[in-house]
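Me: I want to see how the labels on a structure are earned. Can we go through them one by one?

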Amino acid sequence: MSTAQNQLKFAWLEVTGLCNEFCDHCYADSSPKGTHGTMTVEDWVRVIDQLTDIGADDVQFIGGEPTLYPNLPALIQHAHGSGLSVEVFSNMTHIRDELWETFTGCGVKLATSYYSDTAEDHDQVTRLRGSHRKTRANVEKALSLNIPLRGGVVAVREGQRVQEAARDLTALGVGMVGGDKTRAFGRASKGAAPTISDLCGHCAHEKCAIGPTGDVWPCVLGRFLNIGNVLREPLSEIWGGAQMAEVLANITAEHGEGAQSCAPPQFLPMCGPCGPCVPSVGHCDPREANSEPATATISAPA
C-alpha cells in the first residue's frame, strides 16, 4: 500500500510513561515508576510540525498519564496553533489550573476511563485511593466548562459494576460512553508475548503512535512492532518506509486486506459508538456478531 493510498491522518503522542495509577490491565505498563523518556519538548514540537506537513488531522496526547508531563500545555498550544485537532486521554485525577485554561483556550477534547459507579470498585482497578472521587469531580468540571468528553468503561474484573459505571457517566451528562474488554498487552498479558493476531488489524492504517523514546509503532497496542524512530529519521521517511511496509504486510497477512475487527473504541477520538460492540462489548469483531460473549459486557445505558 502506497503512502498516497494510506495517508497518515492520526497520531497518538505518548509523551510520558509516568502514571499515578497502577492498573493491572495497563497496555503501556505505565506506573508511578515510569519516566518522561528521552524525547525533549523540541523533539515533540518537531514531530507535531512533521505531522502537520504530512497532512494529519488529529493528535491524541496519552501516557502514562499525560497531565503529569510538565510541558503538555506548550505541546497542546503548538498542535492547536498548527491546525491539528487535539484530544487528551487522561485518568482525570491530576488536572492543574493551567491545563484547564489550555483545554478551554485550545478547544481540546478529553477522554477518560471509568471503571465503576462506586469508589471502592473503581479504586480497586486503579490501585489509587481517591481516584474515583477525583476523576468523577473532574468529569463534572469538564462538562461545566463545555469541554467535549468521551468516557470509556473497560471490563477488567469479574463482578465489576460496568453497567452501573456507564449509566453513571451518562447521568453526569457524558454524551459519548463506550466500552471495551481488557486487551492482552502490557501488564494485562501477564507475561505472555504479544502477537499480531491479538491486534484489531487496523494498525498503521492512517494512524501511528509515537512513544516517549521516539519509537514509532503502528498503534498504541502494537508497540512490539517498531517501524522507526523520530530521533533518527523524519516521520515522512518512516511512514511508508521499508520497516513500516514489512510490518503492514505482516498485519495484512494475519488479518486480511480489509480488517474486520473493530478498532478498540477507547483510543480513537474520531470514532463514535458503533454497532454492535459499543457500548456493549460482548465481542469486538463483526464476524462474531452471532456468537456468545466470552467476557463481561457493558450494556447500553438505560
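Reply: What follows takes the labels in turn, for a model that is predicted.

Me: Why is F10 called buried?

Reply: F10 has a relative accessible area of 2%. Buried means under 20%, so F10 is buried.

Me: And W12, buried or exposed?

Reply: W12 has 3% relative accessibility. The cut-off is under 20%, so W12 counts as buried.

Me: What makes F10 and W12 an edge-to-face pair?

Reply: Their ring centres lie 4.9 Å apart, and the planes meet at 80 degrees. Rings pair if their centres lie within 6.5 Å, and planes over 60 degrees apart count as edge-to-face. F10 and W12 are therefore an edge-to-face pair. The structure holds three aromatic pairs.

Me: Why is the pair F185 and F224 called stacked?

Reply: The centres of F185 and F224 are 6.3 Å apart, and their planes are at 20 degrees. The limits are within 6.5 Å for a pair and under 30 degrees for stacking, so this pair is stacked.

Me: What does the pair F185 and F224 tie together?

Reply: F185 lies in the loop between β6 and β7, and F224 in the loop between β8 and β9. The pair therefore ties together parts that are 39 residues apart in sequence.

Me: How do you know which burial class F185 and F224 belong to?

Reply: F185 has a relative accessible area of 3%. That is under 20%, so F185 is buried. F224 stands at 30%. Partly exposed covers the range between 20% and 50%, so F224 counts as partly exposed.

Me: What makes strand β5 largely enclosed?

Reply: Seven of the seven residues of β5 (residues 149-155) are buried, so the rest of the structure largely encloses this strand. Both faces are covered. L149, G151, V153 and A155 are buried on one side, with R150, G152 and V154 on the other.

Me: How do you know which strands pair with β5?

Reply: Pairing takes at least two bridges. Four bridges join β4 to β5 in parallel, with A111 and R150 as bridge partners. Six bridges link β5 to β6, also parallel, and there R150 has M176 as its partner. Both counts meet the limit, so β4 and β6 each pair with β5.

Me: Why is the charged end of R187 said to sit over the ring of F22?

Reply: The charged end of R187 is 4.1 Å from the ring centre of F22. The distance limit is within 6 Å, and there is an angle limit too, within 35 degrees of the ring normal. R187 is listed as sitting over F22.

Definitions and conventions:
Residues numbered from 1 in each chain as written. Predicted model: local features only at pLDDT ≥ 70, side-chain atom pairs only at ≥ 80, totals over all residues. Heavy atoms only, no water. Buried < 20%, exposed > 50% of the residue type's maximum accessible area, 1.4 Å probe, protein only. Helix = DSSP H or I, 4+ residues; strand = E, 2+ residues; numbered from the N terminus. Phe/Tyr/Trp six-rings, centres within 6.5 Å; stacked < 30°, edge-to-face > 60°.
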